[in-house]
Amino acid sequence: MPYTVDFENVSTIGLESSPVAEALAGLRANEARYYKNKYDHVFTVRPAGEAPEALGSVTRILSEERGIVISARPLEATSFEVGGFRMAYVFYESGLAVNVMYGIEDGMKRAVGFKLSEGMDVPEELASKFKFARQKSKLAGEIRGSFFVIKGEY
């Protein structure tokens, strides 16, 4: 069942099993607000099992580009096109959010982003490979983020 993320009334719907559900809900709402304000796009997610294309895309790119396998259980996922980019998001039970931004035209940005919910530890599979910068968010508290540029074609 799809869920339209409300960034005005933040809800943990779909994220209840996460030990940092409130912070993960805030992070998800933060992403929804960004896409609504920048592109007038409504951010809608599905349970990960109902979004195999998005989950598969993120999993494949992480594995092929950097040999990364996320150990946490995926809770929700989404994919959409906006502003010349194909986007895919996966929100994990641990509080991790992974997004793939893939420019449709050659020469456009292509990257994978990681965002950590407030209160979660850096996942072991990312700890030795990435440094995380901190940013404040009214919806999510403190978000730690990192990224890498995609080299391959997908």
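This report walks through the cores, salt bridges and aromatic pairs of a predicted model.

## The largest nonpolar core

Let's start on the inside. The largest nonpolar core has 25 residues, and the members that touch the most other members are L62, L96, V112 and F114. Several pieces of the chain chip in here: helix α2 (52-66) and the strands β4 (85-92), β5 (96-103) and β6 (110-116) each give at least two residues to this core.

F114 is a good residue to click on. Leaving out anything up to four places away in sequence, its contacts include L62, I68, L96, V98 and L126. The phenylalanines F130, F132 and F148 are also among the residues F114 touches, and so is R144.

There is also a second core, separate from the one above, with 21 residues. Among its members are A25, F80, Y89 and A97. Keep Y89 in mind, as it comes back further down.

## Salt bridges

Now for the charged side chains. Side chains of opposite charge can pair when their charged atoms come close. Searching the whole structure turns up 9 salt bridges.

One of them joins R28 and E76, with N and O 2.6 Å apart. R28 sits in helix α1 (residues 21-39) and E76 in strand β3 (residues 74-82), so this pair links distant parts of the chain, 48 residues apart. Are these two buried or exposed? R28 counts as buried because its relative accessibility is 1%, and E76 is buried too, at 4%.

Another salt bridge brings together the side chains of R73 and E93, at 3.1 Å from N to O. Both partners are in loops: R73 between α2 and β3, E93 between β4 and β5, so the bridge ties together parts that lie 20 residues apart in sequence. R73 has a relative accessibility of 46%, so it counts as partly exposed.

## A small charged network

Which residues are linked with R110 in a network of salt bridges? They are D106 and E153. For the pair of E153 and R110, the closest N and O atoms are 3.3 Å apart. E153 belongs to the segment after β8 (141-149) and R110 to strand β6, so parts of the chain 43 residues apart in sequence get tied together.

The two partners sit in contrasting surroundings. E153 is exposed, with a relative accessible area of 58%, whereas R110 is buried, with 11%.

## Aromatic pairs

Rings come next. A pair of aromatic rings is described by the distance of the centres and the angle of the planes. The whole structure holds 13 aromatic pairs.

Here is Y89 again: it forms a stacked pair with F91, 5.8 Å centre to centre and with 15° between the planes. Y89 is buried, with a relative accessible area of 2%, and F91 counts as buried at 0%. Both rings also belong to a cluster linked by ring pairs, together with Y34, Y35, Y39, F43 and F80.

F130 and F148 make another stacked pair, with 6.0 Å between centres and 25° between planes. F130 lies in the loop between α3 (124-127) and β7 (133-137), while F148 is in strand β8, so the pair ties together parts 18 residues apart in sequence. F130 is buried at 9% relative accessible area, and F148 counts as buried at 3% relative accessibility. As noted earlier, F114 touches both of these rings' residues, F130 and F148.

Key:
Residues are numbered from 1 along each chain as its sequence is written. This is a predicted model: local features need pLDDT of at least 70, side-chain atom pairs count only at pLDDT 80 or more; totals for chains, interfaces and linings use all residues. Side-chain values use heavy atoms; hydrogens and water are left out. A nonpolar core is a set of buried Ala, Val, Leu, Ile, Met, Phe, Trp, Tyr and Cys residues joined through side-chain atoms within 4.5 Å. Buried means under 20% relative accessible area, exposed over 50%, partly exposed in between (1.4 Å probe, protein chains only). Helices (H or I, at least four residues) and strands (E, at least two) are DSSP runs, numbered from the N terminus. Contact means heavy atoms within 4.5 Å. A salt bridge is a side-chain nitrogen of Lys or Arg within 4 Å of a carboxyl oxygen of Asp or Glu. Rings of Phe, Tyr and Trp (its six-membered ring) pair if their centres lie within 6.5 Å; planes under 30 degrees apart count as stacked, over 60 as edge-to-face and the rest as tilted.
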